[in-house]
Amino acid sequence: MVFEPPKRLVRALRETAPEGDDWLERLPETAREAVARRELTVERVQVPGGRSSLVVLVRTADGTPAVLKLAPPRARPGSERAALAHWGGRGAVRLLEPASGATEGVLLLERLHPDVSVRSLPEAKALLEAAGTLRRLWVEPPEGHGFETVAKRTGRQARAMRASAAADPEVAPLVEAALTAREELVAAPPEQRLLHGTFRQSKVLSGERAPWLAVGPDPVVGEHAFDLARLVRDRVEDLIAQASGATTTRRRVKRLAESLEVDRERLRGWTLFRAVESGVRARRVGRERDAELLLEFASWL
């Protein structure tokens, strides 16, 4: 079996790879070793796949459909494994391999329907189902956990945003607004829960034991509004194309805040910060179209 990484994955990882990182070059051999060790039968590599890991559809030795996921260290696969183990299948995909038998950077997961995400539903229904799935993930983190906090993660992002604003005055006003919002938000979070961290409609797949289950967390501990903020801008390209995009966005913030009992202003603030952070990062790596969409969206908040 030839484990050729999808072009989408190669492009995304090369945008962020530190100097000297050879994970992509070693990936085919890593995949072959992972398959052999677990006595898996390979069906196919999932294409286009994600932007941070290789996903391979496989069957276990007893014929059970499964997914083999291989991720580089910078994608924090150990943290993903810990979160999935803590959720235990509640609202999220199940681990099929205990932590004691796991390989660093390799996860064996239950097979969902990889080509059917909640994004396939009409927009209003998709938001409702996605929000309901997200609510199930918001649990107390395990005692003595090692998950990154929202304050720490966004602090690191804030430093990168300041550097980008200094080099690009055009984005400076939005960056300043986003950083001001962050400072106020991290000062007094209303709760500390285990969060998905990178939740959006495409991260919710159809399953057999539940209609919809979350995949691909980059877990973090913090307040609900931080997790929900990424969902607010889902289908951002459609929002931008609407003449009433700004009004629709503000209405979406209100509706999601009310349905999940989250403070509307905190949700608005985190949505602003996360959109500006993503937009600035997209511009930094040359994804100008994405940057334009995200920064225009942020200007509406």
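This passage describes a sheet with two helices packed across its strands, and then a group of aromatic residues, in a predicted model.

Four strands make up an open sheet, arranged in the order β1-β2-β3-β4 with antiparallel pairing. In general, the strands of a sheet pair through backbone hydrogen bonds, in either a parallel or an antiparallel manner. The edges are formed by β1 (41-45) and β4 (106-110), each of which pairs on one side only. On average, neighbouring strands of this sheet are turned by 30 degrees against each other, direction ignored. Between β1 and β2 (residues 54-59), which run antiparallel, there are 4 bridges. T41 has R59 of β2 as its bridge partner.

Two helices lie across strands of the sheet. Helix α2 (residues 23-38) lies across β1, β2, β3 (65-70) and β4, and runs at about 145 degrees to β3. Helix α3 (residues 77-87) lies across β3 and β4, with a direction at about 30 degrees to β4.

The structure contains 3 aromatic pairs. One of them joins W270 and F273 in an edge-to-face arrangement, with 5.8 Å from centre to centre and 90 degrees between the planes. Both residues of this pair, W270 and F273, belong to helix α10 (residues 264-284), where they are 3 residues apart, about one turn of the helix. W270 is buried, because its relative accessible area of 1% falls under the 20% cut-off. F273, with a relative accessible area of 0%, is therefore also classed as buried. Together with F226, W270 and F273 form one aromatic cluster. R274 lies over the face of F226, at 4.2 Å from the ring centre.

Terms used
Residues are numbered from 1 along each chain as its sequence is written. This is a predicted model: local features need pLDDT of at least 70, side-chain atom pairs count only at pLDDT 80 or more; totals for chains, interfaces and linings use all residues. Side-chain values use heavy atoms; hydrogens and water are left out. Two strands pair if DSSP finds at least two bridges between them. Axes are lines fitted to C-alpha atoms, for helices over the stretch in contact, and angles run from 0 to 180 degrees between N-to-C directions. Contact means heavy atoms within 4.5 Å. Rings of Phe, Tyr and Trp (its six-membered ring) pair if their centres lie within 6.5 Å; planes under 30 degrees apart count as stacked, over 60 as edge-to-face and the rest as tilted. Buried means under 20% relative accessible area, exposed over 50%, partly exposed in between (1.4 Å probe, protein chains only). A charge sits over a ring if NZ of Lys or CZ of Arg is within 6 Å of the ring centre and within 35 degrees of the ring normal.
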